[in-house]
Amino acid sequence: MAKKQATFEDRLSELEELIRKMEGGNLPLDETLKSYEAGIRLSKELTAELSAAEKKMLELSGGELKPLEDAP
């Protein structure tokens, strides 16, 4: 059975947890490096996904993002 892809929110939570662990300062160096590498990967994935979502929203709104209060 194929593994279900984690949602944006799941991956963001994972990134936040990695950051908390690294900021705690209690990880061994090798674990810190692995966490840092995973964090960079997640950050790039999340940034790309946000950019794609923004592009899609711009396409759907005719090229201009508007506050929800102004939406039809």
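Q: Leaving aside its neighbours within four places in sequence, which residues is S35 in contact with?
A: In this predicted model, S35 is found in helix α2. We skip neighbours within four places in sequence, and what's left on the contact list of S35 is L18, M22 and L27.

Q: Is S35 buried or exposed?
A: To call a residue buried, its relative accessible area has to be under 20%. S35 comes in at 9% relative accessibility, so S35 counts as buried.

Q: Which residues does L18 touch, not counting residues up to four places away in sequence?
A: We've already met L18 as one of the contacts of S35. Now look from the side of L18, again not counting residues up to four places away in sequence. The residues that L18 touches are S35, A38, G39 and L42.

Q: At what angle do helix α1 and helix α2 pack?
A: Helix α1 takes in residues 8–24, and helix α2 takes in residues 29–60. Their axes are 9 Å apart. The crossing of the two is left-handed, and the packing angle is about 145°.

Q: How many nonpolar, polar and charged residues does the contact of α1 with α2 have?
A: From α1, the contact is made by F8, R11, L12, E14, L15, L18 and M22. From α2, the residues include T32, Y36, R41, E45 and L50. Sorted by class, the contact has 10 nonpolar, 4 polar and 5 charged residues.

Q: Which residues make up the largest nonpolar core?
A: This core has 6 residues in all. The elements that give two or more residues to it are α1 and α2. Its members are F8, L15, L18, A38, L42 and L46.

Q: Which residues in α2 are buried?
A: What covers the buried residues of α2 includes α1. One of those buried residues is S35, which we've already looked at. The full list for α2 is S35, A38, G39, L42 and L46.

Q: Is R11 buried or exposed?
A: R11 lies in helix α1. Not counting residues up to four places away in sequence, R11 touches A6, L42, E45, L46 and E49. Its relative accessibility is 9%, and the cut-off is under 20%, so R11 counts as buried.

Q: How many Å apart in space are R11 and E49, C-alpha to C-alpha?
A: Along the sequence, R11 and E49 are 38 residues apart. Still, E49 is among the residues that R11 touches. C-alpha to C-alpha, the two are separated by 11 Å.

Q: Is E9 buried or exposed?
A: E9 lies in helix α1. E9 and L46 are 37 residues apart in sequence and 9.3 Å apart in space, going C-alpha to C-alpha. The relative accessible area of E9 is 53%, and the cut-off is over 50%, so E9 is exposed.

Q: What span should the 32 residues of α2 have?
A: Take 1.5 Å a residue, and multiply by one less than the number of residues. The end C-alpha atoms of α2 are 46 Å apart, which agrees with the expected span of 46 Å.

Q: What is the relative accessible area of I40?
A: The place of I40 is in helix α2. I40 and K56 are 16 residues apart in sequence and 24 Å apart in space, C-alpha to C-alpha. I40 is partly exposed, and its relative accessible area is 34%.

Q: What phi does G62 take?
A: G62 comes just after α2. The phi there is positive, at about 75°.

Q: How many Å separate the C-alpha atoms of P67 and I40?
A: P67 lies in the segment after α2, and P67 is partly exposed, with a relative accessible area of 42%. Along the chain, P67 and I40 are 27 residues apart. Their C-alpha atoms are separated by 31 Å.

Conventions: Residues numbered from 1 in each chain as written. Predicted model: local features only at pLDDT ≥ 70, side-chain atom pairs only at ≥ 80, totals over all residues. Heavy atoms only, no water. Axes fitted to C-alpha atoms, helices over the stretch in contact; angles between N-to-C directions. Helix = DSSP H or I, 4+ residues; strand = E, 2+ residues; numbered from the N terminus. Left-handed = near helix turned anticlockwise from the far one by under 90°. Contact = heavy atoms within 4.5 Å. Nonpolar A, V, L, I, M, F, W, Y, C, P; charged D, E, K, R; others polar. Buried < 20%, exposed > 50% of the residue type's maximum accessible area, 1.4 Å probe, protein only. Core = buried A, V, L, I, M, F, W, Y, C linked by side-chain atoms within 4.5 Å.
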